[in-house]
Amino acid sequence: MQPFIDKRLTRSYNHKDPQALRQIYLCYKDDLLGLALALVHDRAEAEDIIHEVFTQLIASFGQLCIDRSVKGYLLTATANTARNRIARRSRQATLEPEISARIDSSTRQPDQALIIDEESGLLINALAQLPYEQRETITLRHYSRMTLRQIAEMRHESVNTVQGRYRYGIQKLRSLLNGKL
């Protein structure tokens, strides 16, 4: 998404333009769903997270003033909501993460689809084995295309902390996937 579009949407939201909510949803729903899915590994739960984030955004309409970027605000809200659900789930029971994310293979040849599904499954399983902070940093960096500085600002942490999480996460992914891809 172009930065000027995000600025326009942020300004529209802050000026209580009712059309802003619809435009924000249409612009960012797919990015937020992808982030949530990468963090919780369950499509239904990821959709619930996005629903919760947008419900909170709508509920705060007219009261909340977003100071930087509506996209950054929503990415942070999505990551925080996912983190809270994971913590709640781990307190209730320690279960293996359910893997439901798959690449749409309807336009691929069957042999290509099989290889891609297998490789994406390996990657998703490896990501699920990382500590949450490392998984979140890698996902924000690669899926949401955020810089490490942007992630640090979003998390209210130092860039060095985020860089370390990213580096250690990538190293662990490499060791988990060594020779499998």
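Colleague: How should one read the accessibility of Tyr-13: is the residue buried or exposed?

Modeller: Buried means under 20% relative accessible area, exposed means over 50%, and partly exposed lies in between (1.4 Å probe, protein chains only). The relative accessible area of Tyr-13 is 0%, so Tyr-13 is buried. This is a predicted model, in which local features need pLDDT of at least 70 and side-chain atom pairs count only at pLDDT 80 or more, while totals for chains, interfaces and linings use all residues. Residues are numbered from 1 along each chain as its sequence is written, and side-chain values use heavy atoms, with hydrogens and water left out.

Colleague: How many aromatic pairs does the structure hold?

Modeller: Rings of Phe, Tyr and Trp (its six-membered ring) pair if their centres lie within 6.5 Å; planes under 30 degrees apart are stacked, over 60 edge-to-face, and the rest tilted. The structure holds two such pairs. In one, the ring centres of Tyr-13 and Phe-61 are 5.3 Å apart and the planes stand at 65°, so the arrangement is edge-to-face. This pair links distant parts of the chain, 48 residues apart: Tyr-13 belongs to helix α1 (residues 3-14), and Phe-61 to the loop between α3 (43-59) and α4 (70-92). Phe-61 is partly exposed, at 23% relative accessibility.

Colleague: What are the geometry and placement of the pair formed by Tyr-25 and Phe-54?

Modeller: Tyr-25 and Phe-54 are also edge-to-face, at 5.0 Å centre to centre with 75° between the planes. Because Tyr-25 lies in helix α2 (residues 18-40) and Phe-54 in helix α3, the pair ties together parts that are 29 residues apart in sequence. Tyr-25 is partly exposed at 39% relative accessible area, whereas Phe-54 is buried at 7%.

Colleague: How many helices and strands does the chain contain?

Modeller: Helices (H or I, at least four residues) and strands (E, at least two) are DSSP runs, numbered from the N terminus. The chain has eight helices and zero strands. Of its 181 residues, 40% are buried.

Colleague: At what angle do α2 and α6 pack?

Modeller: Helix α6 (residues 132-142) packs against α2 at about 150°, with the axes 10 Å apart. That angle makes the two helices roughly antiparallel, a label for angles over 145 degrees (under 35 is roughly parallel, 65 to 115 roughly perpendicular, the rest oblique). In contact terms (heavy atoms within 4.5 Å), Leu-35, Ala-38 and Leu-39 of α2 meet Tyr-132, Arg-135, Glu-136, Thr-139 and Leu-140 of α6.

Colleague: How many of the residues in α6 are buried?

Modeller: Helix α6 is mostly covered, with eight of its 11 residues buried. Among them are Gln-134, Thr-137 and Ile-138. The C-alpha atom of Thr-137 is 9.9 Å from that of Gly-164, 27 residues away along the chain. Gly-164 sits in helix α8 (residues 159-177) and is buried, at 9% relative accessible area.

Colleague: What is the sign of phi at Lys-16 and His-41?

Modeller: Most residues other than glycine have a negative phi. Lys-16 has a positive phi, near 60°, and His-41 has a positive phi near 65°. Lys-16 lies in the loop between α1 and α2, and His-41 in the loop between α2 and α3. Lys-16 is partly exposed at 48% relative accessible area, whereas His-41 is buried at 5%.

Terms used: Axes fitted to C-alpha atoms, helices over the stretch in contact; angles between N-to-C directions.
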